[in-house]
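Let's take a walk through a protein together. Keep the sequence and the 3D view side by side as you read.

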Amino acid sequence: MLSASKLAGYLSHNLMRPDCGSAALKEGSSLVASRNLRSLCVRPCDVADAERHLRGSGRPVVAAVAFPHGSTDTSIKVAETQKLIDDGAKEIIAVANMGRLVSEKFEYAEQDLKAVTLTAF
């Protein structure tokens, strides 16, 4: 049976809500560190603060590029990815362009995500 502490290492705390303020970010960071959760996923505007709160805890900050629909232009996704890395994100979630996928423009969607991936590495 999986223990609660072992399970915690697989869970990421998500603070992507639009109404998430500084207090929630600080509290969420504290929760991740104290409970040894896998990571803290935050909005792009919160990456630097989350990194500062989690520094030394061994818990990474995760951020999503082009959340929630992936409809941002590729060049903006690339710039956002680099900014997130510069601000301290250790993991990037790249949101696929749903409109292009629904339109069966698969090559566009593939190149879009490839550009983000190449920026992250």
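## A guided tour of the fold

What covers the buried residues of α6? The cover includes α4 (74–87), β4 (91–94) and α5 (98–102). Hold on to that question of cover as we go, and remember that you are looking at a predicted model.

Let's step back to see the whole chain. The protein has 6 helices and 4 strands, and from the N terminus on they follow the order α-β-α-β-α-β-α-β-α-α. Its C-alpha atoms fill a box of roughly 45 × 35 × 30 Å along the principal axes. Of the 121 residues, 32% count as buried. The protein exposes about 7,400 Å², with carbon and sulfur atoms supplying 56% of that area. Now think about contacts between residues at least 6 apart in sequence: 58% of them join residues at least 24 apart. As for charge, the mean positions of the 15 positive and 14 negative charges are 7 Å apart.

Now return to helix α6, which covers residues 106–120. Its 15 residues should span 21 Å at 1.5 Å a residue, and the end C-alpha atoms are indeed 21 Å apart, so the two values agree. Which of its residues are buried? They include Ala109, Asp112 and Val116. Seen down the helix axis, the buried residues of α6 fall within an arc of 65 degrees, so they line one face of the helix. Here is a useful rule: an α-helix has 3.6 residues a turn, so residues three or four places apart point the same way. Turn α6 around and, on its other side, you will find Glu107, Glu110 and Leu118 exposed.

Helix α4 lets you try the same reasoning again. It has 14 residues and reaches 20 Å from its first C-alpha to its last, close to the 20 Å expected at 1.5 Å a residue. Thr74, Lys77, Thr81 and Leu84 are buried in α4. Looking down the axis of α4, you would see its buried residues within an arc of 80 degrees, so they too line one face of their helix. These residues pack against α3 (47–54), β3 (61–65), β4 and α6. Just after α4 comes Gly88, with a positive phi of about 115 degrees.

Gly88 also turns up around Val47, a residue of helix α3. Is Val47 buried or exposed? It is buried, because its relative accessible area is 0%, and the cut-off for buried is under 20%. Leaving aside neighbours within four places in sequence, Val47 is in contact with Val42, Val61, Ala63, Leu84, Asp87, Gly88 and Ala89. Leu84 is one of the buried residues of α4 that you have just met. By contrast, Val47 and Glu110 are 26 Å apart in space, C-alpha to C-alpha, and 63 residues apart in sequence.

Finally, let's look at some details of the backbone. Most residues other than glycine have a negative phi, and most peptide bonds are trans. In the loop between β3 and α4 you will find Ala66, whose phi is near 60 degrees, a positive value in a residue other than glycine. Pro68 lies in the loop between β3 and α4 as well, and a cis peptide bond joins Phe67 to Pro68, with omega about 10 degrees. Glu104, in the loop between α5 and α6, has a positive phi of about 60 degrees although it is not a glycine. Ala66 counts as buried at 6% relative accessibility, while Glu104 counts as exposed at 60%.

How values were computed. Residues numbered from 1 in each chain as written. Predicted model: local features only at pLDDT ≥ 70, side-chain atom pairs only at ≥ 80, totals over all residues. Heavy atoms only, no water. Helix = DSSP H or I, 4+ residues; strand = E, 2+ residues; numbered from the N terminus. Expected span 1.5 Å × (residues − 1). Buried < 20%, exposed > 50% of the residue type's maximum accessible area, 1.4 Å probe, protein only. Arc of directions from axis to C-beta. Contact = heavy atoms within 4.5 Å. Areas by Shrake-Rupley, 256 points an atom, 1.4 Å probe, with all protein chains shown as cover. Lys, Arg positive; Asp, Glu negative; His and termini not counted. Charge placed at Lys NZ, Arg CZ, Asp CG, Glu CD.
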